[in-house]
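I set out to look up a few local features of this model and to record each one as I found it. The entries below follow the order in which I worked.

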Amino acid sequence: MPNIETLLSIMAQLRDPDSGCPWDVKQDFDSIAPYTIEEAFEVAEAIAQRDYPELKEELGDLLLQVVFHSQIAREQGLFDFNDVVQVLCDKMVRRHPHVFSESDAADEQAVKVNWEAIKQQERAAKGRAHDSALDGVPAGLPALQRASKVQKKAAKVGFDWSETPPVRRQVDHELAELDEALSSGDRADIEDEFGDVLFTLVNLSRHLKLDPEQALRKATAKFERRFRQMEQDQHEPLNTLDDDALEAAWQKAKSVNSEQ
């Protein structure tokens, strides 16, 4: 039965400079990082689709990324896979004192408070200066996810609307400012105001307790289903249809299945 040692051995063979795979040997941390991000999204997609055989495969692909980075680090004398596992185990035990020690946590909120306090202690121990409530949000996160995390951190120190209606009104306010920018024709101003609209919509999604990434992903999938249906229904290329014909084709595609 294959185990993690088998996988580590395979990765070491792939990276062997004499007998390994030329592509694998050529890679480094920077070149592999985009694949790591992509695999994480493919895991999320499999979960969204409830495709569990695919999820099993995608989790394996994501694990491969960890093993790949660890092998590169081992070759450079930085750390190895066992070190990664050890650091993770130590962190999980340290951040769950209510499970692994005498400390108590009455509910989920108490767990979150303790978690953040422990993270602050860890940062201090590493000598990292965290002077802002917004620190700790990775710059490389997808834009919608990063906006949501930044907003959540600001909310923790009281910078937030207490109710949803004012946030919804702010969306209208930002759209009005976008309209003004569009009237001016100033591209930089248009981009700035468009970004404000997106940022405020993320804030609204947070107040509605919705994941903006998931909501947009579902909306895109819905559009794709309807567009493909429209293509199937037509006997001529879509680019030969005028606006009225395209609208009629779109409405027909939407009506094929109201749940789509």
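The entries cover one helix, the largest pocket and three loop residues.

**Entry 1: source of the coordinates.** I noted before anything else that this is a predicted model.

**Entry 2: helix 12.** I checked the length of helix 12, which has 14 residues, 243-256. At 1.5 Å a residue the helix should span 20 Å, and I found its end C-alpha atoms 20 Å apart, so the two values agree.

I then asked which residues of helix 12 are buried. They are Ala249, Trp250 and Ala253. These residues cover an arc of only 100° around the axis, and therefore they sit on the same side of helix 12. On the other side of the helix I found Asp244 and Ser255 exposed. Helix 11, residues 212-233, is included in what covers the buried residues of helix 12.

I also looked at the start of helix 12. There, a side-chain oxygen of aspartate 242 comes within 3.3 Å of the backbone nitrogen of aspartate 244. Aspartate 244 is thus recorded twice in this entry: in that contact and among the exposed residues.

**Entry 3: the largest pocket.** I looked up how much space lies in the largest pocket, and the value is about 1000 Å³. The pocket is lined by 31 residues, of which Lys112, Ser148, Lys149, Lys152 and Lys156 are the closest to its centre. I next asked which elements give two or more residues to the lining. They are helix 3 (29-48), helix 7 (108-125), helix 8 (143-156), helix 10 (187-207) and helix 11.

**Entry 4: valine 157.** I located valine 157 in the loop between helix 8 and helix 9 (165-184). Its relative accessibility is 59%, and exposed means over 50%, so I recorded valine 157 as exposed. I also took its separation from arginine 123: the two residues are 34 residues apart in sequence, and their C-alpha atoms are 19 Å apart in space.

**Entry 5: positive phi values.** I recorded two residues other than glycine with a positive phi, arginine 50 and lysine 209.

- For arginine 50, phi is near 55°. The residue lies in the loop between helix 3 and helix 4 (52-75), and its relative accessible area of 51% makes it exposed.
- For lysine 209, phi is near 60°. I placed this residue in the loop between helix 10 and helix 11, and at 76% relative accessibility it counts as exposed.

Methods
Residues numbered from 1 in each chain as written. Predicted model: local features only at pLDDT ≥ 70, side-chain atom pairs only at ≥ 80, totals over all residues. Heavy atoms only, no water. Helix = DSSP H or I, 4+ residues; strand = E, 2+ residues; numbered from the N terminus. Expected span 1.5 Å × (residues − 1). Buried < 20%, exposed > 50% of the residue type's maximum accessible area, 1.4 Å probe, protein only. Arc of directions from axis to C-beta. Contact = heavy atoms within 4.5 Å. Polar contact = N/O pair within 3.5 Å; in protein donor to acceptor, adjacent residues only side chain to side chain. 1 Å grid on protein atoms, 1.4 Å probe; cavity = no way out; pocket = protein on both sides within 12 Å on 5 of 7 lines; lining within 4 Å. Points joined across faces, edges and corners; volume = space filled by probe spheres on them.
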